[in-house]
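Subject: Structure for your review

Dear colleague,

Please find below the structure that I agreed to pass on to you. My notes on strand pairing and on charged side chains follow it.

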Amino acid sequence: MSPTPTTATLGHVTARIALPDAPAVVAGHGRAAILTPDGEILLLPAAEAARRLDDFPPPLVVHAPATFRRLDLRPGPAYDLLELFAFVLPARTAAPTPRGLAVAVDYDLPLTGLEAEVASLPDIATTLLSRLAQGRGLAINKDAAPLAARMGSVGWAWAPFVTAALGRPDARPAIDALRVWRKLPEWEDAAPLPPPSTLPVTEAEARARLAAMLGPAAEHRPGQADYAGAAATAFAPRETRGDPRVVLAEAGTGTGKTLGYLAPATLWAQKNHGTVWVSTFTRHLQRQIDGEVSRLFPDPQERRRRVVVRKGRENYLCLLNLEEAVRAATTGLVQQQTIPLGLIARWALATDDGDIGGGDLPGWFAELFGGATVANLADRRGECIHAACAHWRRCFVEHTIRRARAAELVVANHALVMTQAAWGGLDDNSVPTRYVFDEGHHVFDAADAAFSATLSGVETAELRRWLLGAEGGRARARGLSRRLEELVAERPELETPLQAALQAARALPDSNWGSRLHSDGPELARLEAVHPNPTEAFLRLVHRQIIARTRNDDAQPSIWGAECDVFPVPEDLANAAMLLGRALLRIAEPLAALRERLLTRLETEAEDMDAATRNRIEAMGRSLHRRALNPLSAWQAMLRHLTQPAPTLGTLPGYVLLFRLDRHMRGDDVGLHRHWLDPTVPFAATLAAPAHGLLVTSATLRDASGRDPEVAWQAAEARVGAPHLPSPAIRAAVASPFDYAAQTRAFVVHDLAAGNIDQLAAAYRALFLASQGGALGLFTAIRRLQLVHERIAPALEAAGIPLYAQHVDAMSNPTLVDIFRTEEESCLLGTDAMRDGVDVPGRALRLVVFERVPWPRPDILHRERRIHLSEGNPKGYDDRIARLRLRQAFGRLIRRATDRGVFVLLDRQTPSRLLSAFPAGVVVRRLGLAEVVKQTREFLNSAWVTPPAA
């Protein structure tokens, strides 16, 4: 194929840019646009477009997997502009659409539609290659040409065009260009920091700091200053151990909540030389916080020193895994992996912190090359060997740990913060004293996940793999013996318990346990004679009980799984639980002895032990405790419950036990699950009580039911564990500054037949066409989402409205939201869970359509909580959850004073008592679909013809 040369000017550089002589393709639902190599644009049905592509060389596309999927084609070779973008601009993100790339590279794409988008692809490619040509002299591009050549040697289509742009068309492939770990900086240890002081932040100081952060030209928002003053109370010194300063602050949407609490938080950190941990539920808010602190620390280097985003170890690129992946790719085993590894090498040189799971590596990277490619480059299985690793001093995790120790703000997620508290620290046994929990309405659910326990086939098999290694699988899956070999060698007091634990670990199931789960009758007798395993025997009996006690008429679990009560426990299951408990004890006892003796070395050999060995022993002590002893202890306690009498009816249980069968793509998983009835009990005991100050904030802390405000506050306090602390929480509430009566409309459609998927799809189609895009459709069931998507996609595409959908498109949720935010005329379908991940201000989100009332899932855990935590009003408990979910969904609609939007609920059975979920001033009208469509069209047309003034 002969390249097509073009001349491009960027800055003061004029370069001859070669482009592939290939068609460009943009695919929609049911149709596609092709720009032929001779410049003709063809708008064709998808099937015809797929046939025409057979006559052309590999096409120029954006997001090849999604493009081929929409054309109903098998994945094939292509010039994917996302791959070129990742090479030219590593550690930069862009929505994976033509418009998204155009925005990212400052290319003006004023028109919409497939024809305009396909015509832009060669220009975007030219822009990217020109950027590369201009940056030939940058340090990051020193080895870019030999790296591209190496990628080209295994088939990377862009390689000759990249090397030409770099002025080195004859560059030879170089393996060293992949060995990026050699070029990364090393961290340096610093002296331990003294504890922070306890000076308070006064309300006046908080207001002054907020004003300084906003600047003199900022819009005056009295509510924001009031909120900052109230938040400052959480930073007062505590007066009694175990009795922290707790503030519950509800800030209506638009208050400016983030800056409102960052003002006192940063001031406290600077006055006291301490650290405040800010915990969020969604990744988007973490990015937002990082952006907001730029007002206070505009210099990027200073901001990097003072603010750290902290995530779990499994989120970061492991350099040892990268080295082994490069070795495998360069020795002929998996050469095709050289292409993604080359792009990872470019990213590793540019990334801010090495977060491979949700940081500055674009979310679509895993979609292009497979999720396993990215997952295998992180330490997701607890295999880190810490100071024994050759890359330890360059490790991204270790860099982040050390930055966090000296930072003023550490931004993390709820799960990590709660795990840290439960474990008594993450990597250095230090626990914060000051917290801000943003998105505080998620504290209850996050605590539920953090403090629950699961004894299942997947969990027990994972522990066996962690202890014994791959057992014939990939060499990288090191067992405990290999990770400890240098620490226990020629030490019988350590080798003996290690070998005893490894031998006992064979009572756990291997990776093929799922194939034996359904064995029964003679087959089971033969299996138990040949392959006796107490864990598998227990799981088979659990599976039998679930099947026997499910409500399905055919005695089979649903497509997603099933669950049943534990009690009454059959005698054979109780006996199996007892035998499994003994087997787990035989693993736990030697592991506990091993850990104790390892840690004893820190004292007995203190004078002669080097720092690296000390670090390894401390790290292995933490790993043994967290990865093995903690779950083993929980599992043994759970099994003891099964051998004891059933709880007395009417008593308040501390835990809820249940059996559950989960169905996944990889097969069934069955197990015993334990949840705290009230997970805020351990949250209060392990995190809140040891802290000095705690601010819990959200726009939706309280249930706006219109009843007694005291009842609403008490319910909010119960959801965050405040009643379990000695002193009452301080309450604060700031109303939203938005005029919801003028900015929004809300409807309940009353003439759709319940359960009729055709009518449901027709309603979505009509409403999305009325809004001309910019619509978010929320569902409570994945299957209904898929059926609606199938019915409405062609009509929307024909109207020039791209439709994207969770569980349909070959893209992750963050990628879909990025596209939705960038493409103002697009629509997005997602499950109810997506409502918290969508933060799209402006015209890009102007309509939210909810399929039905988001009632809580009627499972065993909810049944117990509505009985015991509802204060005798289970119906009110359900209503409160549904109202809060509706309120959160409505809150996505209006993010700025200039926003306008419509909220539609397609559930004719919506009780009127739930409508108090909406903000004051919102009048919810019950109308037929035709009238709702008409009013939606009229309101949005009038609202967005001329954007209203703020």
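A salt bridge here is a side-chain nitrogen of Lys or Arg within 4 Å of a carboxyl oxygen of Asp or Glu. Please bear in mind that the model is a predicted one.

Salt bridges

By that criterion, Glu239 and Arg245 form a salt bridge, their closest N and O atoms being 3.2 Å apart. Glu239 is exposed, with a relative accessible area of 71%, whereas Arg245 is partly exposed at 25%.

A search of the whole structure finds 58 salt bridges. One of them joins the side chains of Lys271 and Glu205, at 3.2 Å from N to O. This pair links distant parts of the chain: Lys271 belongs to helix α10 (residues 257-272) and Glu205 to helix α8 (residues 203-214), with their positions 66 residues apart in the numbering. Lys271 is partly exposed, its relative accessible area being 26%, and Glu205 also counts as partly exposed, at 28%.

A further salt bridge brings together the side chains of Asp352 and Arg304, with an N to O distance of 3.0 Å. Asp352 lies in the loop between α14 (338-350) and α15 (365-369), while Arg304 lies in helix α12 (residues 300-306), so the pair ties together parts that are 48 residues apart in sequence. Asp352 has a relative accessibility of 43% and counts as partly exposed; Arg304, with a relative accessible area of 27%, is partly exposed as well.

Salt bridges also occur as a network, which links Asp189, Arg313, Glu398, Arg402 and Arg405. As general background, side chains of opposite charge can pair when their charged atoms come close.

Strand β11 and its partners

Strand β11 comprises residues 409-413 and is mostly covered, four of its five residues being buried. Strand β9 (residues 276-280) pairs with β11 in the parallel sense, over five bridges. Strand β10 (residues 307-309) also runs parallel to β11, and three bridges join the two.

Which residue of β11 is the bridge partner of Trp277? The partner is Val410. Val410 is likewise the bridge partner in β11 of Val308.

When you open the model, I would suggest viewing Val410 together with Trp277 and Val308, and then turning to the network that includes Asp189 and Arg313.

With kind regards

Methods: Residues are numbered from 1 along each chain as its sequence is written. This is a predicted model: local features need pLDDT of at least 70, side-chain atom pairs count only at pLDDT 80 or more; totals for chains, interfaces and linings use all residues. Side-chain values use heavy atoms; hydrogens and water are left out. Buried means under 20% relative accessible area, exposed over 50%, partly exposed in between (1.4 Å probe, protein chains only). Two strands pair if DSSP finds at least two bridges between them.
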